Amino acid sequence: LEVLGAPIFNEANQWKGVVLVFHDITELKNLEQMRKDFVANVSHELKTPITSIRGFSETLLDGAMSDEGLREQFITIILNESERLQSLIHDLLELSKLEKEEFTLNIEHISVPSLVKDIIPIVEQQANQKGIELEQTIDTEGYIDGDSARLKQVVINLVTNAINYTPNGGTIKLDLKDQKDFFMISVTDSGIGIPKEDVPRIFERFYRVDKARSRNSGGTGLGLAIVKHIVEAHDGNIEVDSEYQKGTAFHITLPKKFTKR
Ligand code: ADP
């Protein structure tokens with residue numbers, strides 16, 4: 001709360017009272033704090049891989065190069081950390097584009113089942129490596145106007161998360177349903193689930209339930225923030241239904257009649 005005060009005097013310059021103005025600046029303060037946290041998070045996220053790339057390069061130059069085993073191990077780390085930097089920068093740029101006022105969707109007429117079918121080959125290999133079964137149920141057909149590449153990115157991000165947060169041998173279901181004025185796409189996994197208290201925060205930039213786990217699986221902590229922006233830009237909605245240690249379901253609803261802003 002911000003308080004501004006001023007005394008009031010009458011014509012004879014006698015003190016009459018005070019005017020107090022109360023401003024609720026909670027919202028502003030929160031925004032400012034979020035901006036500061038974001039900058040701090042970005043810096044930290046960039047620093048971690050760079051420190052590691054630098055450290056391992058120096059160790060190689062200092063002599064580790066002559067040990068064949070170490071050489072391969074260190075170069076692999078350097079490569080992985082460079083890939084992490086690349087995904088981080090890619091996601092940051094995408095998020096910054098989506099948050100700009102003048103951002104526009106690249107609208108096409110899209111067959112809705114293709115949003116599910118086309119992404120299977122992209123994620124299949126990753127699922128197979130963990131012995132995870134991908135099932136799809138497509139109960140409807142039809143078209144919507146939307147940004148095809150971005151909507152596919154949404155489904156890819158959700159399925160990639162489902163794979164990352166599901167132990168080997170689990171199952172992931174992709175469902176497409178007709179819900180009168182909406183199409184609903186659901187991604188349901190039999191994975192580790194999300195603790196109740198974390199559920200409201202998972203769409204925040206860089207929020208992760210388990211930092212180490214997210215990093216090890218190549219996560220940037222920005223995927224769901226991007227997903228939410230894209231869905232909302234299509235006047236859609238995203239909901240989570242999760243049970244800790246049982247599994248998680250993400251439901252996206254997209255209006256059949258969407259007119260671009
Ligand atoms: P990340 O790159 O860390 O996966 P996201 O923004 O995609 O970032 O997700 C944020 C966090 O939400 C993850 O770190 C993870 O803790 C949690 N999460 C997302 N999807 C799932 C899921 N299917 N099952 C369990 N936890 C999930």
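Which residues are buried in α7? I took this as my opening question for the predicted model.

**Entry 1: helix α7**

I located helix α7 at residues 223-233. I found Gly223, Leu224, Ala225, Ile226, Val227, Ile230, Val231 and Ala233 to be buried there. The helix is thus mostly covered, with eight of its eleven residues buried. I then looked up what these buried residues pack against, and noted α2 and α5 together with the strands β8 (237-243) and β9 (247-255). Just after α7, I recorded that Asp235 has a positive phi of about 60°.

**Entry 2: Asn164 in helix α5**

I turned next to α5, one of the elements that the buried residues of α7 pack against. Helix α5 covers residues 148-164, and Asn164 belongs to it. Is Asn164 buried or exposed? Its relative accessibility is 13%, and buried means under 20%, so I entered Asn164 as buried. Leaving aside residues up to four places away in sequence, I listed its contacts as Gln126, Lys130, Arg213 and Ser217.

**Entry 3: helices α1 and α2**

I also examined α2, another element against which the buried residues of α7 pack. I compared the axis of α2 (residues 68-99) with that of α1 (residues 26-61). The two axes come within 9 Å and cross at roughly 160°. Angles over 145 degrees count as roughly antiparallel, and I therefore described α1 and α2 in that way. I noted their crossing as left-handed. Finally, I sorted the residues in the contact of α1 with α2 by class: 16 are nonpolar, five are polar and four are charged.

Terms used:
Residues numbered from 1 in each chain as written. Predicted model: local features only at pLDDT ≥ 70, side-chain atom pairs only at ≥ 80, totals over all residues. Heavy atoms only, no water. Helix = DSSP H or I, 4+ residues; strand = E, 2+ residues; numbered from the N terminus. Buried < 20%, exposed > 50% of the residue type's maximum accessible area, 1.4 Å probe, protein only. Contact = heavy atoms within 4.5 Å. Axes fitted to C-alpha atoms, helices over the stretch in contact; angles between N-to-C directions. Parallel < 35°, antiparallel > 145°, perpendicular 65-115°, else oblique. Left-handed = near helix turned anticlockwise from the far one by under 90°. Nonpolar A, V, L, I, M, F, W, Y, C, P; charged D, E, K, R; others polar.
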